[in-house]
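Hi,

Here is the structure I said I would pass on. Have a look at it first, and my notes come after.

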2 protein chains.
Amino acid sequence: MASRTQPARGMRDFLPADVRRREYVIRVIKEVYESYGFEPLETPAVENIETLLGKYGEEGNQLIFKILKRGEHERSGEADLALRYDLTVPLARVVAEYQNQLPPFFKRYQIQPVWRADRPARGRFREFYQCDVDVTGSRSMAVEAELCAAASDALERLGFSDFRIRLNHRQTLTAILERAGISVEQHESALVALDKLDKIGVEGVARELAARGISDEAAHRLLGFFEEISGLRGDERANHAILARLSEFIGEHEGGKRGVAELQQILCYAEASGVSSRLELDPNLARGLSYYTGAIMEINVPDLSGSLGGGGRYDNLIGMFLGRDVPACGFSLGLERIIVVMSERGMFPPELDRASVDALVTIWDEASVAEALALARALRQRGLRVDLYPEAHKLGKQFKYAAARGIPFVVVLGPDEKERGEVSVKDMRTGEQRAVRREALAEAIKESLVTF
Amino acid sequence: MASRTQPARGMRDFLPADVRRREYVIRVIKEVYESYGFEPLETPAVENIETLLGKYGEEGNQLIFKILKRGEHERSGEADLALRYDLTVPLARVVAEYQNQLPPFFKRYQIQPVWRADRPARGRFREFYQCDVDVTGSRSMAVEAELCAAASDALERLGFSDFRIRLNHRQTLTAILERAGISVEQHESALVALDKLDKIGVEGVARELAARGISDEAAHRLLGFFEEISGLRGDERANHAILARLSEFIGEHEGGKRGVAELQQILCYAEASGVSSRLELDPNLARGLSYYTGAIMEINVPDLSGSLGGGGRYDNLIGMFLGRDVPACGFSLGLERIIVVMSERGMFPPELDRASVDALVTIWDEASVAEALALARALRQRGLRVDLYPEAHKLGKQFKYAAARGIPFVVVLGPDEKERGEVSVKDMRTGEQRAVRREALAEAIKESLVTF
């Protein structure tokens, strides 16, 4: 019996046109990140299991793919390794491990797959690529501004014009919850409810807060504040108005004041970086991961319910590996989400749909295979990308193959032309077929490729 | 206590200069493969465990990394998924799954990591990249010739000039063993011994054959033949002399005769493809994997005991997934091995050692951060790759950072220059520093980059 042939649940195969689209997006993102001075890093897909456990919260731990011990230990059923869950924890490990080799500010980008045993859904897979860009070693808000500018440039270069970067701060969020009268132990629970504000509205969140044991008074104060904030949105000067109201609500809360000051500075620097029109202060943005300590960001477009990317400052994570804190801030773009939206909107260049082949050399008969191989070689030496049909099938079949792969030129080594030192070449786009001297073939194809 | 920071055993982190070297090799290999008409494929790192088990022999099964079931099943200690062990079995699965979408001849390349729980050694890691190129759907020996030519072109483009491609055929190997009088059940065992001929010599192999229960008479006949063959080597016409002797030894053995005829055809086509001078018939080349059915190839250089790559024909593997056989042949280059040799020989372009950054914009003081951000942005908009120093440290420290990263230009926004609408720019390669009008800065840097 033949084996199952589908990929594993939540994983995907990428056929050539898919790979070309993925590589196109990755190339643009890399070029933009490099234009900001970021350098590439790669880490193994597999990490020691203790590197990952305890970094992503309880839910995260559940979603980590764990690898069985090998050999005689296999029967123990224990795991000692695990698949990478994000690119941030490996970066923190790398910064700790190579601290003496890395520059004081390590500006790295990393575009690699991560694995999560999540329930698959539209745009959510169990293997997916993150495109991360991080700066370690600096507490300057210039970092936040440049990260937002780099992510924004990358999306603009891909053709996006309608995204917005929501911006918030973990410490203002904490201050708001405290000011509303919610005790520290209830903060995480309250944030889970609050995160649904856009989806289920004020009344929905109020019900959920009550269910989570938060007093009506605190819930009322909290939701009142956010209703006020949402009334400030949509105005040209919304960010500054929101910041003013935030500052007022927070009062003298120390962390909150620091958060407000940092948000203010990010907005100022973002203006210098040309990205301020993309930024939208959103005081109830929470973001799931537990390691954030300062500014947090998330990118959205209208036609996708999830985010295209997000990030934030995490000044304590590297310290979990190094023993002393190193400040850090990063941004991650989700390759799959970007591709979903670009595909639905038809944003990919059409040439990605066809094979990157300039010409097909056909086989006239069994006796001329060597000659066809030699001609293909000669054309490649002149810089052309040339496929060779491997069998002496009927010519019609060979032409059909070229058409199906979108190959623009088909070369035929017929016996009549051969006698005259010529070959026949057909332009598949115009249907025109002509005889060309063999030594002029490469140039003839190149010219037609350019002038079409 | 801080966590462990090394990567998992046998796995590696790639810092920026490492990644640039890896990407350089991958780019060259891709360009060459595409010039032969191959298209990219990507498959998931994780496969259903039954896709992999039973495809790589008993030893292979042991080396597969297995992934624990998740959630409530985790405690069962069972594995349902596994990490990709090579790129050939996933290709076979893909050809079976998408048979109606793929062209009749699927020419694909795939450059992705694979994982094997092998004992780590020099050039042998537990995570490593394979650069595979395969053609499915054709039995023509033109495929073998083009695959050898493509692998050879890739290595030449990387600067290798001293490699040789050893060539053999599974069916001639079988015929030789039979002719020597070794029973079919002992073939696999005999091949393991024979594989060590180059390392332990004729006497060593004789001892090992005896230990494996192969009769002295058979061993004598077998080794006598290989001694004769090795006497034929080193001559210009060696391949044809070896083929003649092989044909004679094999006699009327049906599979053996077919093998000889195919080898003959490969040598003829390889001449047309310009790769025949690289090919060396090696009648005792065996290759480990059990799925090969026809020609087998292996690439070696003098200064590496393992191979740089290898491949062969496997006409039955796809049938294990599809239920009907589809012929296939492929070649795999080992990225890590190539990089080991290139590093030791100093074959990498020196510019890969430094960051791909054209200029660093420094920070004069806290008050001018926004101005520096705006200048960095303006330079990037003119096509330059620009890093921004994130802190208002002493200028000397900022220059040192630029020097350590190999950044060629450093821009300083000093107050005197600012008053005149200028900035100061230092060429780190010459030490020359000059004032430039702000609007002319991008062009000035670009010119210096080109003319240096």
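Below is what turned up, going from the fold of one chain to the contact and then the cavities.

One thing before the rest: this is a predicted model, so please read everything here in that light.

Chain A first. It splits into four pieces: domain 1 (14-44 + 85-159 + 310-353), domain 2 (46-83), domain 3 (164-300) and domain 4 (355-451). Domain 1 is written as three segments, with domain 2 (46-83) falling between 14-44 and 85-159 in the numbering. If you measure between C-alpha centres, domain 2 of chain A and domain 3 of chain A are 35 Å apart.

Now for how the two chains relate. A turn of 180° with a shift of 0.0 Å along the axis lays chain B on chain A, and the RMSD is 0.0 Å. That is what a two-fold axis does. Within chain B, B:G77 has the C-alpha nearest the axis, at 1.8 Å.

On to the contact. Chain B puts in 101 residues and chain A puts in 101 residues. The area buried between them is about 8400 Å², with 56% of that coming from carbon and sulfur atoms. On the chain B side, B:T5, B:E42 and B:F105 supply 8% of the area buried against chain A, more than any other three residues. Which surface do the copies use to meet? It is the same surface on each, because 100% of the interface residues of chain B are also interface residues in chain A.

You will probably want to know about the cavities too. How many are there of 30 Å³ or more? The structure holds two.

The largest has a volume of about 70 Å³. Its lining takes A:F38, A:K107, A:V135, A:A142, A:V143 and A:E146 from chain A, plus B:L388 and B:P390 from chain B. Helix α5 (residues 141-157) of chain A gives the largest share of that lining, three residues. By class, the lining of the largest cavity has six nonpolar residues, two charged and no polar ones.

The second largest cavity comes in at about 50 Å³. Here chain B supplies B:K107, B:V135, B:A142, B:V143 and B:E146, while A:L388 and A:P390 come from chain A. Three residues, the largest share of this lining, belong to helix α5 (residues 141-157) of chain B. The class count for the second largest cavity is five nonpolar, two charged and no polar.

That's the lot from me. Shout if anything is unclear.

Cheers

Terms used. Residues are numbered from 1 along each chain as its sequence is written. Chains are lettered from A and ligands numbered from 1 in the order in which they are written. This is a predicted model: local features need pLDDT of at least 70, side-chain atom pairs count only at pLDDT 80 or more; totals for chains, interfaces and linings use all residues. Side-chain values use heavy atoms; hydrogens and water are left out. Domain bounds come from an automatic or database domain assignment. Copies are superposed by least squares on the C-alpha atoms of residues with pLDDT of at least 70 in both. Contact means heavy atoms within 4.5 Å. On a 1 Å grid over the protein atoms alone, a cavity is a set of points where a 1.4 Å probe fits but cannot get out, and a pocket is an open set with protein on both sides within 12 Å along at least five of seven lines; lining residues have an atom within 4 Å of a point. Grid points are joined across faces, edges and corners, and a volume is the space filled by probe spheres set on the points. Helices (H or I, at least four residues) and strands (E, at least two) are DSSP runs, numbered from the N terminus. Ala, Val, Leu, Ile, Met, Phe, Trp, Tyr, Cys and Pro count as nonpolar, Asp, Glu, Lys and Arg as charged, and the others, Gly among them, as polar. Buried area is the accessible area (1.4 Å probe) that two parts lose on being put together, summed over both.
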